[in-house]
Amino acid sequence: MRTLLWLKRLMPEVRWTMWQNRFCSDSSIQRLESNSSIRKHLISKITATGPISVAEYMREALTNPVAGYYVKNDMLGAGGDFITSPEISQIFGELLGVWCVSEWMAAGKSNMFQLVELGPGRGSLASDILRVFSQLKTVLGETDISVHLVEVSPKLSQFQAECLTGDNTQPSDGDQPVYRSGTTRTGLPIYWYRRIEDIPRGFSVFLAHEFFDAIPIHKFQRTEKGWREVMVDIDPESPDKLRFVVSHSPTLASSILIQKDENRQHVEVCPEGGVIVQKLANRIAEDGGAALIVDYGHDGTKTDTFRGFKGHQLHNVLDAPGMADLTADVDFSYLRKMTGTEVTCLGPITQRSFLKNMGIDSRLQVLLRNCPDPSTRAQLVHSYDMLINPDKMGHRFQFFSVLNRGRLAQYRGMQKNTAPLPVAGFAELDIQ
Ligand code: SAH
């Protein structure tokens, strides 16, 4: 497979990023110890205007501009609330870097190439991808490459700037669409935005790793009277606590967001996620490019997945809003529906299958061969197992891709023996 050839080319040159670097918790990280401001704000709001939707609750808890969880905290890593694949091993980002270049090549090697990441966390994924781009300089040639990050958290954008540029960035004045810009350690222009629509148009590869699970969901319950929205209200037994209630009458959301053929008893819908994927699909259809969405999720089968995490433990979602991560499994069937007919969707397939198809086993062998230190070797094997073991992240995480229709139309139309290879990572094509 062509992917494997690239990996071989990369192999001698890419250095092993020390495991320890990824896990050290920064002493400058200020964890909010006693923040009850969001709870108080929500209680006054509910007292004034009545119960709020789960989506509104989630939005306030996660992205309230003053005290939201993502706005205030660094939640990633051993000292945080959860750990993600790019933080576990450099191999993950390297394979995604190869995927990005593979899609750029398959789409005809456009002379401009925007790498766009939604919700880049600490910047580890983009950093590993940019290292691959540097190693593949001869393949990328004179292509005009730029990096575009969509990040709501000023705090995390600082971590990203440090990781990707060594703090070689300038903040913009006021409310500019680009709120920070600079030059990456590898010499590429890099920009930060709050909204996808502010990214310039042009051929782009979009990446979203554990991004869609943080986008607010609405919850609905089937009742004898029909579908009703689950809301957040004040607990009458304890006025400083919140509880879930089922709305007595239909809400706007329950009237428009439930599919006619829905047969589950309880449903979560993420309309904001639907709008985001629609924007990506429109751009991919008009400007070319691809999107790779990686998250834990399902294909329209699960029901109650709304969860809280704090300190790597499950946490009651209604306790201490703003202090814990709130997340819901991504419904890939909904995202697929929202992309429309102008693009092609692949997946979801498991992380294990995707990474195996991308050559993770060969990559591990090369890193092991180049690494004499037994404890680092053991860490490498351990992180590989975390990524692909079906009982760990291997089956829980799913890869889903949105591609320009031309990408596979070309493949379908050609003679079998001259057809280009299928999309890297997706061995079994599940074409919409
Ligand atoms: N992709 C990273 C981080 C995942 S955490 C990783 O896998 O390690 C979710 C990321 O999305 C954080 O960077 C968070 O600040 C960002 N985020 C959450 N909601 C957002 C929103 N509405 N708009 C932009 N970024 C958002």
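**Salt bridges, ligand site and cavity in the predicted model**

Glutamate 272 pairs up with arginine 59 in a salt bridge, and their closest N and O atoms sit 2.9 Å apart. Glutamate 272 belongs to helix α12 (residues 271-287) and arginine 59 to helix α4 (residues 54-63), so this pair ties together parts that lie 213 residues apart in sequence. In general, side chains of opposite charge can pair when their charged atoms come close. The structure, which is a predicted model, holds 20 salt bridges in total.

Next comes the ligand. There are 18 residues around the ligand, and Thr84, Gly119, Gly121, Glu151 and His209 come nearest. Sorted by class, this shell is made up of nine nonpolar, six polar and three charged residues. Two of the polar contacts go to the protein backbone. In one, a ligand nitrogen is 2.7 Å from a polar backbone atom of glycine 119; in another, a ligand nitrogen is 3.4 Å from a polar backbone atom of valine 152. A side chain joins in as well: an N or O atom in the side chain of histidine 209 is 2.6 Å from an oxygen atom of the ligand. As for cover, the ligand on its own has 570 Å² of accessible area, and the protein covers 94% of that.

Right after histidine 209 in the numbering is a residue with a backbone quirk. Glutamate 210 has a positive phi of about 50°, although this residue is not a glycine. Glutamate 210 is found in the loop that runs between β7 (204-209) and β8 (218-223). Another backbone feature is the cis peptide bond between glycine 347 and proline 348, where omega is about 5°. Proline 348 is part of strand β17 (residues 343-350).

What about enclosed space inside the protein? The count comes to one cavity of 30 Å³ or more, and the largest cavity has a volume of about 130 Å³. Its lining takes in 15 residues, with Ile217, Cys270, Asp329, Val330 and Asp331 lying nearest the centre. Three elements, β11 (266-269), β16 (330-331) and α13 (332-339), each supply at least two residues of that lining. Which classes of residue make up the lining of the largest cavity? Nine are nonpolar, two are polar and four are charged.

Note on methods:
Residues numbered from 1 in each chain as written. Predicted model: local features only at pLDDT ≥ 70, side-chain atom pairs only at ≥ 80, totals over all residues. Heavy atoms only, no water. 1 Å grid on protein atoms, 1.4 Å probe; cavity = no way out; pocket = protein on both sides within 12 Å on 5 of 7 lines; lining within 4 Å. Points joined across faces, edges and corners; volume = space filled by probe spheres on them. Helix = DSSP H or I, 4+ residues; strand = E, 2+ residues; numbered from the N terminus. Nonpolar A, V, L, I, M, F, W, Y, C, P; charged D, E, K, R; others polar. Near = heavy atom within 4 Å. Polar contact = N/O pair within 3.5 Å; in protein donor to acceptor, adjacent residues only side chain to side chain. Areas by Shrake-Rupley, 256 points an atom, 1.4 Å probe, with all protein chains shown as cover. Salt bridge = Lys/Arg side-chain N within 4 Å of Asp/Glu carboxyl O.
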